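Hello,

Here is the structure I promised to pass on to you. Have a look at it first, and then read my notes below.

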Protein chains: 2
Amino acid sequence: MTPRGDNDAGLGLSPSARVILGMIALGNNTGYDIKRVVDHSTRLFWAASYGQIYPELRRLEDRGLVAGSSQPSGGRARTVYELTPMGEEALRGWLSAQDDPQFELRDEGMLKLFFSDSLPERRIENLALMRALHERKLVQLDEIARSAKEMHDGPRLTLQFGTALTQWMINWCRETETRLAKESATEE
Amino acid sequence: MTPRGDNDAGLGLSPSARVILGMIALGNNTGYDIKRVVDHSTRLFWAASYGQIYPELRRLEDRGLVAGSSQPSGGRARTVYELTPMGEEALRGWLSAQDDPQFELRDEGMLKLFFSDSLPERRIENLALMRALHERKLVQLDEIARSAKEMHDGPRLTLQFGTALTQWMINWCRETETRLAKESATEE
DNA sequence: CGAGGATATATCGCGCCGGAATATCTGTCA
DNA sequence: TGACAGATATTCCGGCGCGATATATCCTCG
């Protein structure tokens with residue numbers, strides 16, 4: 001509808017490729033490591049699965065952005081990846097690109113709220129369910145913040161963001177719940 | 001990883017099926033209509049494409065949740081869908097389900113922030129880019145709010161949510177920008 | 001020593017999803 | 001009136017996301 005700048009800066013890095021390059025730069029150099037760290041850090045605003053990570057690592061190696069070396073620990077196969085100079089440049093290219101960053105939200109609770117005129121008596125319960133979800137997430141984020149001291153600046157900032165956003169969501173739900181409760185009370 | 005409740009309430013409605021049932025209940029009864037309304041309303045927290053809508057409409061018809069009738073306007077093919085009683089029940093079933101609602105965020109700007117230790121001098125510019133994006137979105141939301149008076153309660157609530165969230169994002173970016181600017185100034 | 005859980009790697013397949021392609025209708029301005 | 005832009009309506013395609021699963025090895029504790 002509206003023409004947008006293509007998210008194609010740097011060297012045409014696919015979304016998953018960006019996470020992988022960044023994660024290797026932070027010292028997570030195996031597919032398994034990357035998956036584990038993503039699950040404990042960026043997962044709130046960027047998820048990734050094995051099905052993306054392993055094929056992407058091989059594609060990146062084909063393009064010369066990472067170099068993998070087989071380092072079996074014991075008898076188990078294990079490939080450790082490092083950034084090549086080209087890979088470092090691609091990462092920096094992406095980080096300094098001027099394109100509109102992709103932003104996408106998928107919130108089923110909001111969708112239910114949108115359609116709630118088909119079943120108004122459930123509105124408040126749905127808001128409470130959303131709030132409960134975010135409250136549980138907040139506990140997890142607090143745990144991460146407590147367990148991991150001495151973080152890098154980037155991860156620390158995004159953790160603060162995640163915490164603040166989650167708190168904001170909880171407040172919005174609670175305020176809307178009480179407002180709707182009042183309205184439906186005065187209507188009777 | 002963590003066991004979650006399956007999002008499977010009602011009758012195993014797929015995510016796109018839910019939007020479609022809800023949209024038909026609101027009186028948008030052709031594929032084209034649904035796409036257009038989604039693009040102007042739920043798109044902020046739930047997008048949908050033709051590639052989901054048209055096949056899903058046929059699947060829903062096969063399952064007896066919607067009934068389509070061919071109503072060509074002029075010589076152009078056109079199928080108008082209505083909810084069947086079963087479809088209405090499926091919609092209400094989903095709206096009253098107690099499962100954890102799906103929540104997912106994909107924010108490339110945050111991802112860049114997370115990896116920004118690889119290129120710290122771009123941190124503030126990236127925040128400004130994120131802010132600019134949200135500021136443009138806010139203008140669009142305000143236009144929608146102004147042009148569409150007399151909304152249903154559900155859509156009005158989600159529009160308020162979208163506006164408030166976008167404003168919160170803008171503020172977070174701005175505050176973080178100024179905080180980082182101060183920090184880097186005192187470091188010198 | 002043996003069981004079970006964590007570590008590590010890899011693959012499969014379905015469905016999501018953006019968008020290009022197609023075709024027809026409507027309005028408008030020369 | 002005839003050309004053309006733009007709205008309406010649907011189909012189709014390829015790529016990627018992503019959950020689920022298979023396999024094998026390592027570590028640890030009882």
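**Salt bridges inside a helix**

Glu135(A) and Arg131(A) join their side chains in a salt bridge, at 3.1 Å from N to O. Please keep in mind that this is a predicted model. The two residues sit four places apart in helix α7 of chain A, so about one helical turn separates Glu135(A) from Arg131(A). In general, an α-helix has 3.6 residues a turn, so residues three or four places apart point the same way.

Are the two partners buried or exposed? Glu135(A) counts as partly exposed, because its relative accessibility is 29%. Arg131(A) has a relative accessible area of 17% and is buried, because the cut-off for buried is under 20%. Leaving aside residues up to four places away in sequence, Arg131(A) touches Ile170(A), Cys173(A), Arg174(A) and Glu177(A).

You will find a similar arrangement in helix α3 of chain A, where Arg36(A) and Asp33(A) lie three residues apart, about one turn of the helix. Their side chains form a salt bridge at 2.6 Å, N to O. Arg36(A) is partly exposed, with a relative accessible area of 39%, whereas Asp33(A) is buried at 18%. Asp33(A) is one of the buried residues of α3(A), including also Ile34(A) and Val38(A). The buried residues of α3(A) pack against α2 and α4 of chain A.

Chain B has a salt bridge between Arg36(B) and Asp33(B), at 2.6 Å from N to O. These residues are three apart in helix α3 of chain B, so about one helical turn lies between them. Arg36(B) counts as partly exposed at 39% relative accessibility, and Asp33(B) as buried at 19%. There is also a network that crosses between the chains: salt bridges with shared partners link Asp117(A), Arg123(A), Asp153(B) and Arg156(B).

**Where the two chains meet**

How many salt bridges are there between chain A and chain B? The count is six, while a search of the whole structure finds 24 over all chains. One salt bridge joins the side chains of Arg123(B) and Asp153(A), at 3.7 Å from N to O. Across the interface of the two chains there are also 26 residue pairs in polar contact, both residues being at pLDDT 80 or more. On the side of chain A that touches chain B, two or more residues each come from α2, α5, β3, α6, α7 and α8 of chain A. Of these, α8(A) gives the most, with 15 residues. Sorted by class, that side of chain A has 34 nonpolar, 17 polar and 17 charged residues.

The contact takes 68 residues from chain A and 68 residues from chain B. Together the chains bury about 7,200 Å² between them, with 68% of it on carbon and sulfur atoms. Phe103(A), Arg106(A) and Phe114(A) supply 12% of the area that chain A buries against chain B, more than any other three residues.

The strands take part too: β3(A) pairs with strand β3 of chain B in the antiparallel sense, over five bridges. Within that pairing, Glu104(A) has Arg106(B) in β3(B) as its bridge partner.

**One more residue to look at**

Glu175(A) lies in helix α8 of chain A and is exposed, with a relative accessible area of 53%. Glu175(A) and Leu127(A) are 48 residues apart in sequence, and their C-alpha atoms are 9.9 Å apart in space.

Best wishes

Terms used: Residues numbered from 1 in each chain as written. Chains lettered and ligands numbered in written order. Predicted model: local features only at pLDDT ≥ 70, side-chain atom pairs only at ≥ 80, totals over all residues. Heavy atoms only, no water. Contact = heavy atoms within 4.5 Å. Buried area = accessible area lost by both parts, 1.4 Å probe. Salt bridge = Lys/Arg side-chain N within 4 Å of Asp/Glu carboxyl O. Polar contact = N/O pair within 3.5 Å; in protein donor to acceptor, adjacent residues only side chain to side chain. Nonpolar A, V, L, I, M, F, W, Y, C, P; charged D, E, K, R; others polar. Pairing = 2+ DSSP bridges. Buried < 20%, exposed > 50% of the residue type's maximum accessible area, 1.4 Å probe, protein only.
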